[in-house]
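Biologist: I am new to this structure and would like a close look at a single part. Please start with the parts to read with care, then take me to the charged pairs.

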Amino acid sequence: FFYKVETRLKQQDANSNYDSSSTNGHNKRNLVKVVRLKRNRSPKPHKVPSISRNILRSTTEVPTFNDNTITGSKSSTGDVSNQQPRQQQLTSRKLELEMKNEWSPSLSAAFAFAQSLEQGACGHEPVKLDVRCYNFLIKACCHRGALQRAIWLLTEKMPELGLKPNEYSYNTILHALARVGDEMYLTELLIEMTNNPSLSLTPNSVEALVLGKLNAGNVGGAITLIQDIYNQHGVLPPSSTHLDVLEHALGHEYVHEAKRHIWFLEQIKQQWRSSDEYMKAHTNSAYTKNWDWKRLHDQVVKGVIHNPKLSRDGIKHLFQFFGETLTDDSFL
């Protein structure tokens with residue numbers, strides 16, 4: 001979400017970029033066009049929940065507020081004892097802004113309609129909102145940029161009503177946080193999901209976690225996260241996510257990271273070509289004893305093995321698009 005594609009000229013037999021001021025004819029004949037990704041500006045700090053929540057942990061920056069903006073001013077005292085109350089004040093202030101009607105009339109209308117259902121305002125019997133209804137409200141908050149309000153519904157409002165958020169509740173917020181590259185909050189929600197026995201990671205969960213790291217510019221962390229989650233929980237992101245990882249790695253000239261992910265995909269393909277033996281060898285593993293092998297097998301086969309874009313020819317073509325050469329020796 002934070003990148004734009006640009007093309008530039010590059011020497012075919014060298015790593016240096018083309019100098020447009022040069023008049024060397026030989027220099028011009030050896031030029032090739034390559035594609036790269038250029039990072040745009042990151043979102044403003046008050047739009048990233050973890051930053052707006054933790055900005056007051058610094059002893060040198062204390063934000064001040066007015067009705068429309070959040071700015072920073074220097075603190076002369078640096079009193080650490082007052083950081084927690086100020087942190088809560090900042091989070092409450094952001095949540096208060098998102099709950100105002102002026103934030104989003106359509107979002108306010110959605111909550112007003114939900115409240116009317118609970119009160120039976122139209123002459124019908126009061127309707128008790130369930131987890132599915134709150135999931136719709138969380139989704140509406142995420143689509144209108146009210147991330148603090150969505151997190152408040154997930155962590156405070158629903159438990160207060162005795163409702164247990166499900167995977168859809170978490171996945172909706174995970175994707176919203178991924179759009180602003182909020183790695184810190186994504187990691188916290190990942191820990192919550194893995195520590196809760198009633199919740200399980202899904203391919204959409206992993207997709208959001210990986211996209212969040214890519215949007216934050218952490219390509220290596222995204223690749224490592226895919227490997228760790230697969231080894232511990234047996235879940236892979238959709239095939240489109242693997243392509244996103246390769247494109248970001250190549251677009252930032254992290255060729256070694258792209259090859260590292262290719263080797264991981266090749267290992268998966270080799271394992272599942274003899275899936276019966278692999279299942280027998282890992283059935284008693286501490287990590288794999290609760291896996292749904294049929295679901296995982298279908299996920300891997302459809303998402304990785306049978307995807308033509310993730311085949312060797314497809315990956316070679318992708319490398320060629322970014323001006324890199326990949327040979328058969330690069331695969332396992």
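Modeller: Start with residues 14–23. Their pLDDT stays under 50. The model has 11 contacts beyond four places in sequence for this stretch. Residues 284–290 also stay under 50 in pLDDT. For residues 284–290 the model has six contacts beyond four places in sequence. Keep in mind that this is a predicted model. Across the protein, pLDDT averages 78. Of the residues, 71% score at least 70.

Now to the charged pairs. The structure holds six salt bridges. The part to look at closely is helix H12, which spans residues 255–273.

Begin just ahead of helix H12. Glu253 sits in the loop that runs from helix H11 (239–251) to helix H12. Glu253 is not a glycine, yet its phi is positive, at about 65°. How buried or exposed is Glu253? Its relative accessibility is 40%, so Glu253 counts as partly exposed.

Step into the helix. Arg260 and Glu257 form a salt bridge, with their closest N and O atoms 2.8 Å apart. These two residues are three apart in helix H12, so about one helical turn separates them. Their surroundings can be read from accessibility. Arg260 has 26% relative accessibility, so it counts as partly exposed. Glu257 has 15%, and under 20% means buried.

Further along is Glu266. The side chain of Glu266 meets that of Arg312 in a salt bridge, at 3.4 Å from N to O. Glu266 belongs to helix H12, but Arg312 lies in helix H15 (residues 312–321), so this pair ties together parts that are 46 residues apart in sequence. Glu266 is buried, because its relative accessible area is 2%. Arg312 is partly exposed, because its relative accessibility is 31%. Salt bridges with shared partners join Glu266, Lys269 and Arg312 into one network.

For another pair, go to helix H3, residues 83–98. Lys94 and Glu98 both lie there, four residues apart, or about one turn of the helix. Their side chains meet in a salt bridge, at 2.5 Å from N to O. Are these two residues buried or exposed? Both Lys94 and Glu98 are buried.

Next, the nonpolar side chains. The largest nonpolar core has 69 residues. Which of them touch the most other members? They are Ile138, Ile173, Leu177, Val210 and Phe319. Take Ile173 and set aside residues up to four places away in sequence. Ile173 then touches Ile138, Cys142, Ala150, Ile151, Leu154 and Leu189.

One of those contacts of Ile173 is a cysteine, Cys142. That raises the matter of disulfides. The model has zero disulfides. Cys142 is in no disulfide, and its nearest cysteine sulfur, that of Cys141, is 6.8 Å away. A disulfide needs sulfur atoms within 2.5 Å, so the Cys142 and Cys141 pair does not count as one. At 12% relative accessibility, Cys142 counts as buried. Cys133 is partly exposed, with a relative accessible area of 27%.

To retrace helix H12: Glu253 comes in the loop between helix H11 and helix H12. Glu257 pairs with Arg260 in a salt bridge. Glu266 reaches Arg312 through another salt bridge.

Notes
Residues numbered from 1 in each chain as written. Predicted model: local features only at pLDDT ≥ 70, side-chain atom pairs only at ≥ 80, totals over all residues. Heavy atoms only, no water. Core = buried A, V, L, I, M, F, W, Y, C linked by side-chain atoms within 4.5 Å. Buried < 20%, exposed > 50% of the residue type's maximum accessible area, 1.4 Å probe, protein only. Contact = heavy atoms within 4.5 Å. pLDDT = per-residue confidence, 0-100. Salt bridge = Lys/Arg side-chain N within 4 Å of Asp/Glu carboxyl O.
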